[in-house]
Amino acid sequence: MKTSTPHIISEGGIDYYLGELKGGFIHYDFKKILIYLQVKGKLLFGENFKIYEEDEAILFKLCIYFIEDADYAKKLNIDLQKGILLTGPVGCGKTSLMKLLRYIVPHKNSYKIIPCRNAAFSFNHIGFKTIEDYGNDGFYCFDDLGVEPAGRHFGKDCNVMGEILLSRYDLFCHPERSRRVKTHCTTNLNAKELEERYGNRVRSRMRQLFNLIAFDKESVDKRK
C-alpha cells in the first residue's frame, strides 16, 4: 500500500511502529500491530482491556482486511471489496474490536459505529427518513444486528435493519465502482437466526455484502 508514514502512530508521546516503509509501501508486522492495539485498547476502554491469545487468529484476519493485504486476503478467502460481518457470542469483544481496528489505518476513511437499536428507535420517532439516512453513502458499522426492537411509526410496522441492509446492498452494487459503499455489522446471531429475523431475501444479500468472520461459539464473556 503506497503511503507516507501512517504506520507510525503516536499515543501519549510514544511512537508505535506498525511495520516498516520499504520502497514507498508499508510492510506491516502483526506482532507490532498487537502491541499497539493493546495500548490503544486500554486508552479507549480502560486498564482492564486485554488482547486474548485465543482471539489472535480472528484479529489476524481482521488486520489483513483493514490493511488491505491482497495476498493474505486471497489465502484467507477474504474479499476486500466487501464489508465485515463479525459474529460471536455475547461479550466476546466484537464491538470493541470494530471500534479499535479503525485506528491502525488512520489514512483511510473511517466508519461510524451505529447501534442497531438506535436505528430502530430513530424509525419509531421520525419514520422512513431513518431508512433514507442510513441507506445513504455514509460508511457505517451496525452494531448488535438482530437484537434491535421492531420498528413502528404511526401504526406502520417495519423491519428497520432489514430495509437498511437492502438499501446498503443497492449502494454496494452501484454500477460506478467509485460510488460503491461498504457496510460492516456485528451480531450475536448465527446464519439461521439471521434468516429467521430478516428473511431469505435479506440473508441472500448479506452473503454478497459481507465477509463472515466468526468467533468460536465457546468464546468466553470478557465482560464478566
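Two strands count as paired when DSSP finds at least two bridges between them. With that rule, this predicted model shows an open sheet of five strands. Their order is 6-7-10-5-11, and the pairing is parallel. Strand 6 (112–115) and strand 11 (210–214) are the edge strands, each pairing on one side only. From one strand to the next, the twist averages 20°.

Now look at one pair inside this order. Strand 5 covers residues 83–87, and strand 10 covers residues 183–187. The two run parallel and are joined by three bridges. Leucine 86 has threonine 186 in strand 10 as its bridge partner.

Next come the helices. Helix 9 (residues 200–209) packs on the sheet. It touches strand 5, strand 7 (140–145) and strand 11. The direction of helix 9 makes about 85° with that of strand 11.

Helix 9 also packs with helix 8 (residues 191–198). Their axes lie 7 Å apart, at an angle of about 130°. Angles of 65 to 115 degrees count as roughly perpendicular and those over 145 as roughly antiparallel. The angle of about 130° falls in neither class, so helix 8 and helix 9 are oblique to each other.

Which residues in helix 8 and helix 9 meet? Helix 8 brings Ala191, Leu194, Glu195 and Tyr198. Helix 9 brings Asn200, Val202, Arg203, Met206 and Arg207. By class, this contact has five nonpolar, one polar and three charged residues.

Key
Residues are numbered from 1 along each chain as its sequence is written. This is a predicted model: local features need pLDDT of at least 70, side-chain atom pairs count only at pLDDT 80 or more; totals for chains, interfaces and linings use all residues. Side-chain values use heavy atoms; hydrogens and water are left out. Helices (H or I, at least four residues) and strands (E, at least two) are DSSP runs, numbered from the N terminus. Axes are lines fitted to C-alpha atoms, for helices over the stretch in contact, and angles run from 0 to 180 degrees between N-to-C directions. Contact means heavy atoms within 4.5 Å. Angles under 35 degrees count as roughly parallel, over 145 as roughly antiparallel, 65 to 115 as roughly perpendicular and the rest as oblique. Ala, Val, Leu, Ile, Met, Phe, Trp, Tyr, Cys and Pro count as nonpolar, Asp, Glu, Lys and Arg as charged, and the others, Gly among them, as polar.
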